[in-house]
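Let's take a friendly walk through one protein chain. Keep the structure open beside the text and look up each residue as we get to it.

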Amino acid sequence: MTDYTPIQQHAAPPAAPPRNGLGTAGFVLGLIGLVFAPIPLVGVVAWPLCVLGLILSAVGVARVRSGKATNKGLSIAGAVVALLGLVVCILWAVVIGKAIGDVNEQATAHHTIVYEVSGDAKAVDVVYSTFDRNTILINTETGATAPWTKTVEATGFLAGAQFTATAGPDGGSVGCKVVVDGKEAKTATAAGAGAVASCTGF
């Protein structure tokens with residue numbers, strides 16, 4: 001009788017768990033940076049998070065290619081979200097930089113303002129603004145004769161400046177006009193004793 005030696009079947013060794021420390025860390029940092037990037041002020045912390053996430057994800061991809069890691073998809077995803085976060089950060093920096101530049105340009109811009117009073121009123125009380133650096137000064141000229149004009153120089157913002165022309169007790173018509181840098185900014189007319197033509201807020 002022939003003896004048969006039974007064939008022993010050995011169970012396959014369990015698959016090694018994925019080694020994904022750097023790739024996972026890069027993905028997490030990139031994702032957090034992408035979440036923070038669009039938030040004003042808070043988005044400042046997104047820069048280092050995205051940069052570090054991109055570096056770790058790139059190292060993770062390199063380790064996958066060399067066979068030292070098995071998380072290729074997660075490493076690539078980390079690089080993508082980190083890059084997106086950096087793009088958002090750059091866009092925010094451009095927008096904020098342009099806004100600051102526009103404000104600085106307006107704050108240092110030089111303007112020529114011409115006040116004009118017209119009409120047939122015999123006496124006109126004029127109230128107008130002049131500018132001393134960041135200060136608006138209110139000036140008064142009583143009993144002026146139309147036509148009347150005054151040119152002043154200003155630097156910065158002009159919102160809220162004052163210019164009014166008031167007809168005297170004898171009545172008549174009175175008009176005011178403001179010209180800023182050669183462009184008509186505001187006009188108004190009034191008639192009668194004590195009538196006020198107001199060109200305030202140009």
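## A tour of the chain

On the surface, Leu22, Val51, Ile55 and Val59 form a nonpolar patch, and together these residues have about 290 Å² of accessible area. Before we go on, please keep in mind that this is a predicted model. Where does the largest share of the nonpolar patch come from? Helix 2, residues 46-65, supplies three residues. Ile55 is a good one to look up: this residue lies in helix 2. Ile55 has a relative accessibility of 46%, so it counts as partly exposed.

## The sheet

Now turn to the strands. In general, the strands of a sheet are paired through hydrogen bonds of the backbone, in a parallel or an antiparallel way. Here, four strands build an open sheet in the order 4-1-6-7, and their pairing is antiparallel. Which strands are at the edges? They are strand 4 (148-155) and strand 7 (183-191), each of which pairs on one side only. From one strand to the next, the twist averages 15°.

We can follow the sheet across, pair by pair. Strand 1, residues 110-118, runs antiparallel to strand 4, and eight bridges join the two. To find this pairing on your screen, look for His110, which stands opposite Thr155 in strand 4. Strand 1 also pairs with strand 6, again in the antiparallel sense, over six bridges. There, Ile113 has Val180 in strand 6 as its bridge partner. Finally, strand 6 (residues 173-180) and strand 7 are an antiparallel pair with eight bridges. A handy marker for this pairing is Val178, with Lys186 of strand 7 opposite.

A general point helps when you look at such a sheet: along a regular strand, side chains alternate between the sheet's two faces.

## Two spots in the loops

Two loops are worth a stop. The peptide bond that joins Ala146 and Pro147 is cis, with omega at about 0°. Pro147 belongs to the loop between strand 3 (135-144) and strand 4.

The other stop is Asp181, in the loop between strand 6 and strand 7. What is the phi of Asp181? The angle is near 50°, a positive value in a residue other than glycine. Is Asp181 buried or exposed? The answer is in between: Asp181 has a relative accessible area of 40%, so it is partly exposed.

## Charged partners

Side chains that carry opposite charges can pair when their charged atoms come close. How many salt bridges does the count come to? There are two salt bridges in this model, and the table sets them out.

| Salt bridge | Distance, N to O |
|---|---|
| Asp102 and Lys98 | 3.1 Å |
| Lys177 and Glu116 | 3.5 Å |

The pair of Lys177 and Glu116 links distant parts of the chain, with Lys177 in strand 6 and Glu116 in strand 1, 61 residues apart. Lys177 has a relative accessibility of 28%, so this residue counts as partly exposed. Glu116 is partly exposed too, because its relative accessibility is 29%.

Asp102 and Lys98, on the other hand, both lie in helix 3 (residues 72-108), four residues apart, which is about one turn of the helix. Asp102 has a relative accessibility of 31%, so it counts as partly exposed. Lys98 has a relative accessible area of 54% and is therefore exposed, as the cut-off for exposed is over 50%.

## Aromatic company

Last come the ring-bearing side chains. The model holds four aromatic pairs. One of them is formed by Tyr115 and Phe163, which are tilted, with 4.6 Å from centre to centre and 40° between the planes. Why does this pair tie together parts that are 48 residues apart in sequence? Because Tyr115 lies in strand 1, while Phe163 lies in strand 5 (residues 163-167). Are Tyr115 and Phe163 buried or exposed? Both residues are buried. They also belong to a group: Tyr115, Tyr128, Trp148 and Phe163 make up one aromatic cluster.

Definitions and conventions. Residues are numbered from 1 along each chain as its sequence is written. This is a predicted model: local features need pLDDT of at least 70, side-chain atom pairs count only at pLDDT 80 or more; totals for chains, interfaces and linings use all residues. Side-chain values use heavy atoms; hydrogens and water are left out. Two strands pair if DSSP finds at least two bridges between them. Axes are lines fitted to C-alpha atoms, for helices over the stretch in contact, and angles run from 0 to 180 degrees between N-to-C directions. Buried means under 20% relative accessible area, exposed over 50%, partly exposed in between (1.4 Å probe, protein chains only). Patches are made of residues with over 30% relative accessible area and no salt bridge: like charges are joined within 9 Å, nonpolar side chains (Val, Leu, Ile, Met, Phe, Trp, Tyr) within 5 Å. Accessible areas come from the Shrake-Rupley method with a 1.4 Å probe; for residues, only the protein chains shown count as cover. A salt bridge is a side-chain nitrogen of Lys or Arg within 4 Å of a carboxyl oxygen of Asp or Glu. Rings of Phe, Tyr and Trp (its six-membered ring) pair if their centres lie within 6.5 Å; planes under 30 degrees apart count as stacked, over 60 as edge-to-face and the rest as tilted.
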